[in-house]
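Open the model in a viewer and keep the selection tool at hand. The stops below say what to select next and what is there.

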Amino acid sequence: MAAKKKLRSKKAAERGTNAAIYVVLVVISIIWLFPFFYLVLQSLRGEQGLATMYFWPKQWTFDNYIKLFTDTSIFNFPKWYGITLVISVVVTVVQTAIVLVTSYALSRLRFKMRKPLMNLMLVLGMFPGFMSMTAIYFLLKLVGLTQTFGLVGLVLVYVGSSCMGYYICKGFFDTIPKSLDEAARIDGASRHTVFIKVVLPLSKPIIIYTVLTSFLAPWGEYMFASLMAFGDQDYYNVAVGLKEMLNRETASEYFTRFCAASVIVSVPITVLFFWLQRYYVEGVTGGSVKG
């Protein structure tokens, strides 16, 4: 009887602990989702103004979304969105390729200065990028890669340090048995063939993880994009453009439109994460097994 009572009390304690954990998670979820929920409500508000004393809109409308794409006389949101999408897609393709190739080389090949090179990239990655922002801007300005050709300059900046993001991807490649490489090499496969036909088909989680992280960085980047555009609206990305909507002169009139634009900008990232969440988690956990 004593053992049964002890077991029941243990199960009750576990249920209580689980219930407390679920309550905490629900509260945290509400806190995280509340700003987005508020943003959606404001994007559907028909009343103008920067702030209201009430939470629920008195007038519901989709005009804020419609005007984003029809009224481009002052703020050309479709162009900003297209520029950001092009930059993000190009950076994603190039950066993913560089990270995968670099990670495979550091995982499988053994060469002189390999470990010092890895340590150097890790140390350099600890410094924030904005420390060199001014110097990089003037270098790009000297070769004409600002404003008119600022998109090219932004792509070069975003992919320039891609190889320093090798660590998680290399850890994932380390979990793939090297015996598979050796068997393919015995059969006459080259390093390139082994990488393309043996390693990559087994690396779907880390490829998706790399794609998501590569796409996310330029999609919401503001600081360097603002510097490269240098006040010319024709070369803004969405982050810089949305910031311009909240200028002192236009904030009151364009606030609800700003909220609608923010919702539209968040949709691709949200969809990608929900769709590829399982592979994203596998990529992170798999890449953390070995260094």
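## Stop 1: a loop residue

Select Ala189, which touches Ala184 and Val194 when residues up to four places away in sequence are not counted; contact here means heavy atoms within 4.5 Å. This is a predicted model, in which local features need pLDDT of at least 70, side-chain atom pairs count only at pLDDT 80 or more, and totals for chains, interfaces and linings use all residues. Residues are numbered from 1 along each chain as its sequence is written, and side-chain values use heavy atoms, with hydrogens and water left out.

Ala189 sits in the loop between helix H8 (178–186) and helix H9 (191–199). Helices (H or I, at least four residues) are DSSP runs, numbered from the N terminus. The relative accessible area of Ala189 is 18%, so the residue is buried. The classes are buried under 20% relative accessible area, exposed over 50% and partly exposed in between, with a 1.4 Å probe and protein chains only. Now add Asp71 to the selection: it is 118 residues from Ala189 along the chain, and the two C-alpha atoms are separated by 57 Å.

## Stop 2: a positive phi

Move to Met113, in the loop between H3 and H4. Its phi is positive, about 70 degrees, although Met113 is not a glycine. Most residues other than glycine have a negative phi. Is Met113 buried or exposed? Met113 has a relative accessible area of 53%, so it counts as exposed.

## Stop 3: aromatic rings

The structure holds 15 aromatic pairs. Rings of Phe, Tyr and Trp (its six-membered ring) pair if their centres lie within 6.5 Å; planes under 30 degrees apart count as stacked, over 60 as edge-to-face and the rest as tilted. Select Phe69 and Phe77: the ring centres are 5.6 Å apart and the planes stand at 80 degrees, so this pair is edge-to-face. Phe69 is partly exposed, at 47% relative accessible area, whereas Phe77 is buried, at 0% relative accessibility.

Next select Phe215 and Trp219, a stacked pair with 5.3 Å from centre to centre and 20 degrees between the planes. Both residues belong to helix H10 (residues 204–219), where they are four residues apart, about one turn of the helix. Phe215 and Trp219 are both buried. To show the cluster, add Tyr81: ring pairs link Phe69, Phe77, Tyr81, Phe215 and Trp219.

## Stop 4: the largest pocket

Rolling a probe the size of a water molecule over the atoms shows where empty space is left. On a 1 Å grid over the protein atoms alone, a cavity is a set of points where a 1.4 Å probe fits but cannot get out, and a pocket is an open set with protein on both sides within 12 Å along at least five of seven lines; lining residues have an atom within 4 Å of a point. Grid points are joined across faces, edges and corners, and a volume is the space filled by probe spheres set on the points.

The largest pocket holds about 940 Å³ of space. Select Gly129, Val157, Tyr158, Ser161 and Met164, the closest to its centre of the 32 residues that line it. Which helix gives the most to this lining? H10 does, with five residues. The lining of the pocket has 20 nonpolar, eleven polar and one charged residues. In this scheme Ala, Val, Leu, Ile, Met, Phe, Trp, Tyr, Cys and Pro are nonpolar, Asp, Glu, Lys and Arg are charged, and the others, Gly among them, are polar.

## Stop 5: two cavities

There are two cavities of 30 Å³ or more. For the largest, of about 40 Å³, select Gln147, Gly150, Leu151, Leu154, Ala225, Met228, Ala229 and Tyr235. Helix H6 (150–160) and helix H11 (223–229) each supply at least two of these lining residues. The lining has six nonpolar, two polar and no charged residues.

The second largest cavity, of about 30 Å³, is lined by Gln48, Asn64, Lys67, Glu253, Thr256 and Arg257. Its lining divides into no nonpolar, three polar and three charged residues.

## Stop 6: Gln42

Finish at Gln42 in helix H1 (residues 2–43). With 1% relative accessibility, Gln42 is buried. Its side chain joins that of Arg45 through a polar contact of 2.8 Å. A polar contact is a pair of N or O atoms within 3.5 Å; within protein, one must be able to donate a hydrogen and the other to accept it, and residues adjacent in sequence count only if both atoms are side-chain atoms. Leaving out residues up to four places away in sequence, Gln42 touches Phe55, Asn64, Phe255, Thr256 and Cys259.

Terms used:
Helix = DSSP H or I, 4+ residues; strand = E, 2+ residues; numbered from the N terminus.
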